[in-house]
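Please consider the following model with attention to its internal space and to its ligand. The discussion takes these two topics in turn.

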Amino acid sequence: MTSSRKFLVGGNWKMNGSRQLVETLVKALNEGSWSNNVECVIAPPSPYLHQVRSTLRSEVGVSAQNIWTEAKGAYTGEISHEMLTDLSIKWVILGHSERRAIFKESDELVGKKVANAVKAGLNVIACCGETEAERDAGNTTEVVFRQIKAIASQLSAADWSKVVIAYEPVWAIGTGKVATPQQAQDAHKEIRGWLAANVSKEVADSTRILYGGSVSAKSSPDLQKEQDIDGFLVGGASLKDQEFLQILNSRL
Ligand code: PGA
């Protein structure tokens with residue numbers, strides 16, 4: 001059943017990098033190799049999207065880290081789906097916990113952004129995940145289901161072919177405190193179950209669910225063995241060229 005879902009490893013650079021680092025990381029990805037069964041997408045900050053897309057080999061996808069809901073207009077500081085399409089950028093990360101927590105993006109706004117991006121033809125990595133307090137209170141599934149419902153309520157079943165979910169527990173992001181394979185698998189299974197019950201069995205079976213939160217070359221080999229883990233969204237380790245290649249190679 002897992003065979004139809006191609007393993008995906010995303011690299012989220014967040015607000016890090018320079019032209020020099022872009023050169024280093026692109027060179028490593030252009031020269032590196034990994035299994036044909038693994039898809040790679042990297043998300044540099046928007047000022048570097050064009051440099052990355054025009055120097056990286058075409059099999060590796062490039063993603064923005066956020067976009068606004070409109071195509072153009074008086075939205076100072078924002079970027080749009082139309083600009084991504086103009087730059088041949090086919091992916092966008094939406095609803096990252098840093099967008100939710102620091103920039104106060106609501107579930108509803110994230111849902112709207114995902115729907116608009118999909119309708120504009122982009123592939124979306126849609127993020128969800130609970131805080132430590134929410135997990136400790138036993139509310140993990142409630143929080144994650146609420147976040148996914150806000151997205152699903154604005155999508156048709158067909159739209160899901162453009163959506164990848166990233167389960168990223170907030171307590172694991174940038175903390176070095178990676179979820180155990182079992183914790184991640186449990187959450188992914190719940191999410192897939194939610195999709196089966198609320199969207200369709202087909203969408204549940206075909207939608208990729210990535211795990212994110214302190215993924216490293218050390219943790220990736222065991223995490224990737226879990227049945228419902230279909231890839232990773234890697235932050236800090238995606239800025240280290242050799243470690244990111246090791247993570248790509250943790251899946252054969
Ligand atoms: P991290 O970040 O790997 O540095 O924990 C992951 C993410 O936020 O996507």
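How many cavities of 30 Å³ or more does the structure hold? In this predicted model, there is one cavity of 30 Å³ or more. The space in the largest cavity amounts to about 40 Å³.

The wall of that cavity can be described residue by residue. Its lining is formed by Trp13, Leu25, Ala28, Leu29, Ile42, Ser238, Asp241 and Phe244. Sorted by class, these lining residues comprise six nonpolar, one polar and one charged. Two helices, helix 1 (19-31) and helix 11 (241-248), each contribute at least two residues to the lining. Helix 1 provides the largest share, with three residues.

The second topic is the ligand. A shell of 14 residues surrounds the ligand, and the closest of them are Lys14, His96, Glu168, Gly174 and Ser214. By class, the shell consists of five nonpolar, seven polar and two charged residues.

Which side chains place polar atoms close to oxygen atoms of the ligand? Among them is Glu168, with a polar side-chain atom 2.6 Å from a ligand oxygen. For Lys14, an N or O atom of the side chain lies 2.7 Å from an oxygen atom of the ligand. In the case of Asn12, the separation between a side-chain N or O atom and a ligand oxygen is 3.5 Å. Taken alone, the ligand would expose 290 Å², of which the protein buries 95%.

Key. Residues numbered from 1 in each chain as written. Predicted model: local features only at pLDDT ≥ 70, side-chain atom pairs only at ≥ 80, totals over all residues. Heavy atoms only, no water. 1 Å grid on protein atoms, 1.4 Å probe; cavity = no way out; pocket = protein on both sides within 12 Å on 5 of 7 lines; lining within 4 Å. Points joined across faces, edges and corners; volume = space filled by probe spheres on them. Helix = DSSP H or I, 4+ residues; strand = E, 2+ residues; numbered from the N terminus. Nonpolar A, V, L, I, M, F, W, Y, C, P; charged D, E, K, R; others polar. Near = heavy atom within 4 Å. Polar contact = N/O pair within 3.5 Å; in protein donor to acceptor, adjacent residues only side chain to side chain. Areas by Shrake-Rupley, 256 points an atom, 1.4 Å probe, with all protein chains shown as cover.
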